[in-house]
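Student: I should be grateful for a close look at a single part of this structure, with its surroundings described in one connected account.

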Amino acid sequence: MLQYSQKPAPKVLVAPLNWGLGHATRCIPLIRHLLAEGATVAIASEGKALKLLSLEFPQLKTLDLGGKELSYGNNQYFFLAMLTQFPKLVYNFLAEKKKIAHLQQQEKFDLIISDNRLGVRHSSASNVVISHQLHLIVPASLFFVKNINRYLLKKFDYCWIPDFAEENLSLSGKLSHPPLRKTTQNGSPFCHYLGSISRFERTDKAADEIDLLVVISGPEPQRSIFEKILLEQSNSFSGKIVLVRGLPDASTIPSNVPAHLHIKNHLKGSELSQYMQNAKVVISRSGYTTLMDAQALQCKQIIFVPTPGQSEQEYLGKYLAQQNIAPCFAQNDFDLATALREVKKYAGFAEQTYPKKDVLQQEVVDILRAVI
């Protein structure tokens, strides 16, 4: 642990985007490192993301950033849906900037770490943004969105990229390569590659084997649509199925399901880690945090089903299929039997492929030293 001599421990705000649960879950190892180094940590978000982190860290102060809820549509025209809600996006961006300014006046954070919340920063603190989305994949007509994204990323003091610097090992491909060409005021690199970040670590702990684990996440209504598809097709599979709904705040579960299907609204990290390790096959979205978790747990057979219209997930699914890691299927014509046949042709996440060095821990130490 760092020694802060006569100075108080640094105050740190961690603020993940509330878009699915991936941004929140990949902040879990970050928060653990910060606490291990003696920092005073607060969490800012809203909705499911804030709920999940408050369950993981009940001792920490939580701050609700609110904001207008976005609707993501029930079709594949995701970017069109986003454009029609552009006023909401602008409102949320300006509102979180205003809330952070107010919070900073009250709390006086030394360090603000934002996971893809591009309005969460303040000139009186050191500001870090966590993002693998340096180069957004958008339709050609929306090229200006890519430029806005790069412009806002460069407003931060540092950009932490949860991916490997070596392009041949990259989990996100052209999303995070090449790095943004910028240095900090003292001449050090602006972009820092952290390797794969996951709250999970593979263990040899014995557990009951699961034939099929299904992890559903992401925005509505697509989350519910995918859940309905899988519930309807579960009768065609005779093995033990565990379906995790990704609803940490839900209190009821679907009824009248087959006996071999076990439904969980939400699992804590330690439980989900064991389920993923001991499942013969995993089905999930191709969200980036899920990819990092699957790599950390060395999942041997995993099937990706991107959220319809989310070009990043669609790109990542196809990219990993091209790397012979896992098959990718469209949600609208998903067939469980076909997917289970095809997954056997892929290599999965091999243990020897990726280095295990914990770059995040060293980055946390370095940034806390800088703000002391």
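Tutor: A residue is called buried here if its relative accessible area is under 20%. The model is a predicted one, and the part chosen is helix α9, which spans residues 288-296. By that cut-off, eight of the nine residues of α9 are buried, and the helix is thus mostly covered. The buried positions are Tyr 288, Thr 289, Leu 291, Met 292, Asp 293, Ala 294, Gln 295 and Ala 296. Their cover includes three helices, α1 (22-25), α8 (269-278) and α10 (311-322), together with the strand β12 (302-304). Just after α9, Gln 298 adopts a positive phi of about 55°.

The wider setting includes an open sheet of seven strands, paired in parallel and ordered β3-β2-β1-β4-β5-β6-β7. At its edges are β3 (61-64) and β7 (191-193), each of which pairs on one side only. On average, neighbouring strands of this sheet are turned by 20° against each other, direction ignored. Within the sheet, β4 (residues 111-115) and β5 (residues 126-130) are joined in the parallel sense over five bridges, and Asp 115 stands opposite Ile 130 in β5.

Two helices may be placed against these strands. Helix α5 (residues 86-107) lies across β1 (11-16), β3 and β4, and runs at about 150° to β3. Helix α12 (residues 359-371) also packs on the sheet, where it touches β1, β4, β5, β6 (158-161) and β7; the direction of α12 makes about 165° with that of β6.

How values were computed
Residues are numbered from 1 along each chain as its sequence is written. This is a predicted model: local features need pLDDT of at least 70, side-chain atom pairs count only at pLDDT 80 or more; totals for chains, interfaces and linings use all residues. Side-chain values use heavy atoms; hydrogens and water are left out. Buried means under 20% relative accessible area, exposed over 50%, partly exposed in between (1.4 Å probe, protein chains only). Helices (H or I, at least four residues) and strands (E, at least two) are DSSP runs, numbered from the N terminus. Contact means heavy atoms within 4.5 Å. Two strands pair if DSSP finds at least two bridges between them. Axes are lines fitted to C-alpha atoms, for helices over the stretch in contact, and angles run from 0 to 180 degrees between N-to-C directions.
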